[in-house]
Protein chains: 2
Amino acid sequence: MSGAKSMSMELPLDQILRGECVETMRTLPSGSVDCVFADPPYNLQLRGELRRPDDSLVDGVDDDWDKFSDLQEYDRFTRAWLTEARRVLHKDGTIWVIGSYHNIFRIGAILQELGFWILNDIVWRKSNPMPNFRGRRFTNAHETLIWAARSEDSRYRFNYQAMKALNDDVQMRSDWYLPLCTGNERLRNEHGLKLHPTQKPESLLHRVLLASTTVDDVVLDPFTGTGTTPAMARRLRRRFIGIERHPDYVEAAMSRVARETPLADDAVVTTQDKREAPRVPFGSLVERGLLPVGTVLCDKKQRVSATVSPDGTLVSGAKRGSIHKLGAQLTNAPSCNGWTFWHFERNGEFLPLDVLRQESLEQAKTTASMAKAAAAG
Amino acid sequence: MSGAKSMSMELPLDQILRGECVETMRTLPSGSVDCVFADPPYNLQLRGELRRPDDSLVDGVDDDWDKFSDLQEYDRFTRAWLTEARRVLHKDGTIWVIGSYHNIFRIGAILQELGFWILNDIVWRKSNPMPNFRGRRFTNAHETLIWAARSEDSRYRFNYQAMKALNDDVQMRSDWYLPLCTGNERLRNEHGLKLHPTQKPESLLHRVLLASTTVDDVVLDPFTGTGTTPAMARRLRRRFIGIERHPDYVEAAMSRVARETPLADDAVVTTQDKREAPRVPFGSLVERGLLPVGTVLCDKKQRVSATVSPDGTLVSGAKRGSIHKLGAQLTNAPSCNGWTFWHFERNGEFLPLDVLRQESLEQAKTTASMAKAAAAG
DNA sequence: TGACGTACTGAATCTGTGA
DNA sequence: TTCACAGATTCAGTACGTC
């Protein structure tokens, strides 16, 4: 593994090179890095300003580096840096690229055209995304990472057991649930303003590097920014080469890296994921047909009743609302737990909705353990 | 909305047309469908299924086939059917395409090149994915849907409130957690084997159709397969046009559709978006005496106040304007929703103007249904 | 010290209608 | 086509001040 290591004496290791990414990569020897992590401009194409419902202004990404005249120019740029990245990558190396729907399809298509072999597309589900303020689309709550080998016959590294251990001993899936980079982790300038508009969380790079590299592997980040990749590489005792155009970012990243202490030889990495609570929206039971649309529900004493709508609301006469709201409204109560208030009929018996929720959770659990057993056996 | 409806007399509605998708779409008039849902072949390995735009079969390239030419064939095929889909789509219509990392980047890139405007990429997280048996990659636990409008300036439909209701009254996110199609829902042949390798779950189509179409909208599915789209369209009282090449699937899908009972008129209604509610001019409330001229209104915290004029404007000192304009002016805000900003007193309580508007709409609804009842009886 | 309330923020392609 | 204007719209956090 890590065939790139033999060449490492020629490489500018553990440095962040100031310069344009394509021309700087040209100075690196072919096949010299084990892994590339790239967070290129997304080509967001934001138009006007956007305000929250409270009229505060959203601080959008309006930096020059994210401006491209059209799709063709973005494609040219993408093809150029991916071509160099592929040259620099060891034959058994892998590349990670992160993006959103604005650019990820360009990137994926060009990766395939250049001969990269896609291994997974990974979904970073954000625990705390920015909401959609105008109610005109689904909340954009994820970003996509593509993980690809240099070619179809690359004998790439994947630390299967480490990923499984990181995920409570079930196989790591292609959807990762991680919070945004906020709070103390976010680098700020002297005015307390964020230093970089798109700083990635350390947890994301931690998982990426832990999955696809080993100690002393060389990781190249052609769009280093504030240096999350170098910082995590140093912490996990990988070597890094950063490339960054803006001198301020180079400086900030290098001092950030200097603050990192590499883990000790015997340090066992057991970072726990922030686990997701198994919330079951009532609507999902309706969608999945566990409770047919049009079913009539009533309270235990059958004093009030309501009908299930396709969107998971209940209707009673002119009143419509969630299972909780309508229950409260019909009983003139300040609040109501719809799961225990509303009952449905099954085999001549009236059962609370909560029974369905339990069954749905039970079902999910069974499926998970079956998957686990299948994977183990 | 549903501008496509006016053309519906010429359309083969609620049918599944047997034929190749491109040439069959060519028989449909331009701008005639409100929504397209497409689950195209994922390909890249299933080369036997590939056809050129002229529907001729691609030569069987075997051992030493060239991947690049294979990609190109897939792109040609994709461009051909997406071009026809775009022609058939109404100018305000939207398209959904589902795929995996094998093909979704080709599809997304071509969608953008054809002028579609991506609204969201949606991640279908599978509650019960197939585990990765080799342990060489992350468990492929999701598929991706792209939701796109026909063009950047399409005034597309998004049933925001219905989606919010379906998700326990928080905005629906771009990641959906749904089980695979299994059990009774899965169509099987006489030997108990699954009829189709990639039958999609009904819950997925339920959400798709509920989000982006309304009753009587026309939905086109150019790769109908076992007919999940037609079945859900019928259940939710949308119209459908299916296209499917294999006669066995056409037959299975049509008999499946026949088993569906459309929801009743009042059962199919979902939570309405406020934008679609009939507009109530503030002046009409004043006219009808629901709010006497001279009433003093104030904001919730009683920092500013204004008096109701006979023409429905508000006056505060030397300033005069609509409920929205004056609210914005007095708070130095760029805009203001006067219905929720201004409050009036009733029984010692301060209520937003919106309460009056709701009451007026409620009243109108009651009157309308009484008139209907009177006419019927 | 702790409970509570207010302010702020995050890769965002973010309105619809009628004159 | 452009302009004006009505009016619709937010979730999960962190940080900090007050009581």
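Which residue forms a salt bridge with R239(B)? The legends below start with that pair and then move on to other views.

**View 1. R239(B) pairs up with D14(B) in a salt bridge.** The closest N and O atoms here sit 2.9 Å apart; a salt bridge means a side-chain nitrogen of Lys or Arg within 4 Å of a carboxyl oxygen of Asp or Glu. This is a predicted model, where local features need pLDDT of at least 70, side-chain atom pairs count only at pLDDT 80 or more, and totals for chains, interfaces and linings use all residues. Residues are numbered from 1 along each chain as its sequence is written, chains are lettered from A and ligands numbered from 1 in the order in which they are written, and side-chain values use heavy atoms, with hydrogens and water left out. The pair ties together distant parts of the chain, 225 residues apart: R239(B) belongs to strand 8 (residues 239-244) of chain B, while D14(B) lies in the segment before strand 1 (15-18). Helices (H or I, at least four residues) and strands (E, at least two) are DSSP runs, numbered from the N terminus. R239(B) is partly exposed at 30% relative accessibility, and D14(B) is partly exposed too, at 27%. For these labels, buried means under 20% relative accessible area, exposed over 50%, and partly exposed in between (1.4 Å probe, protein chains only).

**View 2. K325(A) reaches across to D169(B).** This salt bridge has its closest N and O atoms 3.6 Å apart. On the chain A side, K325(A) is in helix 9 (residues 323-330); on the chain B side, D169(B) is in the loop between helix 4 (160-166) and strand 6 (175-178). K325(A) is exposed, with a relative accessible area of 54%, whereas D169(B) counts as partly exposed at 31%.

**View 3. R51(A) and E49(A) meet side chain to side chain.** Their salt bridge comes in at 3.0 Å, N to O. R51(A) is partly exposed at 27% relative accessibility, but E49(A) is exposed, at 56%. Over all chains, the structure holds 41 salt bridges.

**View 4. R256(A) is a buried arginine in helix 7.** The helix covers residues 247-258 of chain A, and R256(A) has a relative accessible area of just 5%. Leaving out residues up to four places away in sequence, R256(A) touches L187(A), Q199(A), E202(A), T226(A), G227(A), T228(A) and A231(A). Contact here means heavy atoms within 4.5 Å. One of those partners, T226(A), is 30 residues away along the chain, with 8.0 Å between the two C-alpha atoms.

**View 5. Residues 268-275 of chain A have pLDDT below 50.** pLDDT is the predictor's confidence in each residue, from 0 to 100. Chain A averages 92, and 90% of the residues score at least 70. Beyond near neighbours in sequence, the 268-275 stretch has 13 contacts in the model. Where pLDDT is low, the predicted coordinates should not be read in detail.

**View 6. Chain A has eleven helices and 14 strands.** Its C-alpha atoms fill a box of roughly 80 × 55 × 40 Å along the principal axes. Of the 377 residues in chain A, 53% count as buried. Among contacts in chain A with a separation of 6 or more, 68% come from residues 24 or more positions apart.
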